[in-house]
Amino acid sequence: MYQYWGFGLHIESEIEFPELLPCKFFSPDISFVLGKVPEKAEGSSFSTKNFSYIVSNQELFFSVAGIARYYADNGHEIIIEPCAPVQEMRSVRLHVLATVMAAILLQRNLLPLHASAIRKNNNLFLISGDPGAGKSTLLAELVKTGNTVFSDDIIVLKKDDNNPGIKANASYPMIKLWDDSVEKLNHSLFSEKEFKIRHDLNKYGFFFHDTFDTKSYSIHKIFILKKSETNCFHSRLLKGAEAFDAITKQAYRPFLQHNTALRYLCFTIISQLAKDSTVYEISRPNECKPDELLKYVEPFI
């Protein structure tokens, strides 16, 4: 069995996950096992061309055409049933680290947020926003200028048992960048395109295992990136309900919040986060270079 740390949890796995941080422990929080997914139970169900879901209070049945079937149970176990024959395991792992882990986190009363982050002076600065707005690319630019990467793509939010605030954990030590972003960054840190996220995507993973931080931190500022048809940058401070709504839109896999209890969990965590953090909406030109976005955002940090 392999042992890892990820998403703020100790993970034991029958499958090797190079994306996760190797870690020694006695008792796992979650187990990843290969096996046959049990018969489907009752729950909210829906499907698309390639995906099908059944979600109940403590279960997720998730199927990806041609890749695998998954079962997330009670916040403690993920059963993985790859389709036969499987050409490569990266696509199988990719869905574990995305939708299936999002379900496990919610089952454990933890909220996944679609955001990247850097750490500075023991506080986090989150980068979130519209798809394609440049979250990971801005993160990579900040790393180029000496900032400390905390997490890419997913942040795990939890209530602080000892304080009224919200704490955040990183997901796993990998920045994911599209091929065109790598070319625009033009930096030695992101030059070796050796780890393709999926065989049919021109998207690559860049690891930072050696500097990965497993501690939890408070969130100081949140930047919500938006594309704009204008040719200039613009920032706006969001407060109250507007800040709450902007952060709520960044919830990761929100369709998994299928019942009142989970929607209330999301409401309470994000309400507190909006109260405690400074939230900015950053509008950027539809076409802009990564260093131009960095030049505009960096003074806020």
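**View 1. N74 sits in the loop between β8 (68-73) and β9 (77-82) of this predicted model.** The phi angle of N74 is near 55°. That is a positive value in a residue other than glycine. N74 is partly exposed, and its relative accessible area is 40%. A second asparagine, N122, has a phi near 60°, again positive in a non-glycine residue. N122 belongs to the loop between β11 (116-120) and β12 (123-129).

**View 2. Strands β8 and β9 run antiparallel, within an open sheet of nine strands.** Six bridges join β8 and β9. Y70 faces I80 of β9 across the pairing. The strand order of the sheet is β3-β1-β2-β4-β9-β8-β7-β6-β5, and the pairing is mixed. Which strands stand at the edges? They are β3 (21-22) and β5 (44-47). Each has a single partner strand, so one side of each lacks a neighbour in the sheet. Helix α1 packs on this sheet. The helix touches β2 (9-13), β4 (30-34), β6 (51-56), β7 (59-64), β8 and β9. The direction of α1 makes about 20° with that of β8.

**View 3. The largest nonpolar core holds 102 residues.** Nonpolar side chains tend to be buried together in soluble globular proteins. In this core, F32, Y70 and L157 touch the most other members. Which helix gives the most to the core? Helix α1 (residues 90-107) does, with 12 residues. Another core, of six residues, lies apart from the largest one. Among its members are V33, I54, F61 and I79. Back in the largest core, L157 has contacts well along the chain: leaving out residues up to four places away in sequence, L157 touches L110, L111, L113, I166, K167, A168, I219, I269 and L273.

**View 4. β14 and β15 form a hairpin, with six residues between the two strands.** Their pairing is antiparallel and spans five bridges. K159 stands opposite I166 of β15. Strand β15 (residues 166-170) also pairs with β18, in the antiparallel sense, over two bridges. There, the bridge partner of K167 is S218 in β18. Is β15 mostly covered or mostly open? The strand is mostly covered, as four of its five residues are buried.

**View 5. R93 and E19 form a salt bridge.** A search of the whole structure finds 12 salt bridges. In this one, the closest N and O atoms are 3.0 Å apart. R93 lies in helix α1, and E19 lies in the loop between β2 and β3. The pair therefore ties together parts that are 74 residues apart in sequence. Are these two residues buried or exposed? R93 counts as buried because its relative accessibility is 7%, under the 20% limit. E19 is also buried, with a relative accessible area of 4%.

**View 6. D153 and K176 form a salt bridge between distant parts of the chain.** The closest N and O atoms of this pair are 3.1 Å apart. D153 is in the loop between β13 (148-151) and β14 (154-159). K176 is in strand β16 (residues 174-178). The two residues are 23 residues apart. D153 is buried, and K176 is buried too. Elsewhere, K36, R69 and E81 are linked in a network of salt bridges.

**View 7. Within helix α2, E141 meets K144 in a salt bridge.** The N to O distance is 3.4 Å. E141 and K144 are three residues apart, about one turn of the helix. An α-helix has 3.6 residues a turn, so residues three or four places apart point the same way. The two partners differ in exposure. E141 is buried, at 3% relative accessible area. K144 is partly exposed, at 26% relative accessibility.

**View 8. Helix α6 (residues 290-297) has four named buried residues: P290, L293, L294 and V297.** Why do they line one face of the helix? Seen down the axis of α6, these buried residues fall within an arc of 100°, so they share one face. What covers them? The covering elements include α2 (135-144), α3 (179-185), β18 (217-228) and β20 (278-285).

Note on methods. Residues numbered from 1 in each chain as written. Predicted model: local features only at pLDDT ≥ 70, side-chain atom pairs only at ≥ 80, totals over all residues. Heavy atoms only, no water. Buried < 20%, exposed > 50% of the residue type's maximum accessible area, 1.4 Å probe, protein only. Arc of directions from axis to C-beta. Contact = heavy atoms within 4.5 Å. Core = buried A, V, L, I, M, F, W, Y, C linked by side-chain atoms within 4.5 Å. Pairing = 2+ DSSP bridges. Axes fitted to C-alpha atoms, helices over the stretch in contact; angles between N-to-C directions. Salt bridge = Lys/Arg side-chain N within 4 Å of Asp/Glu carboxyl O.
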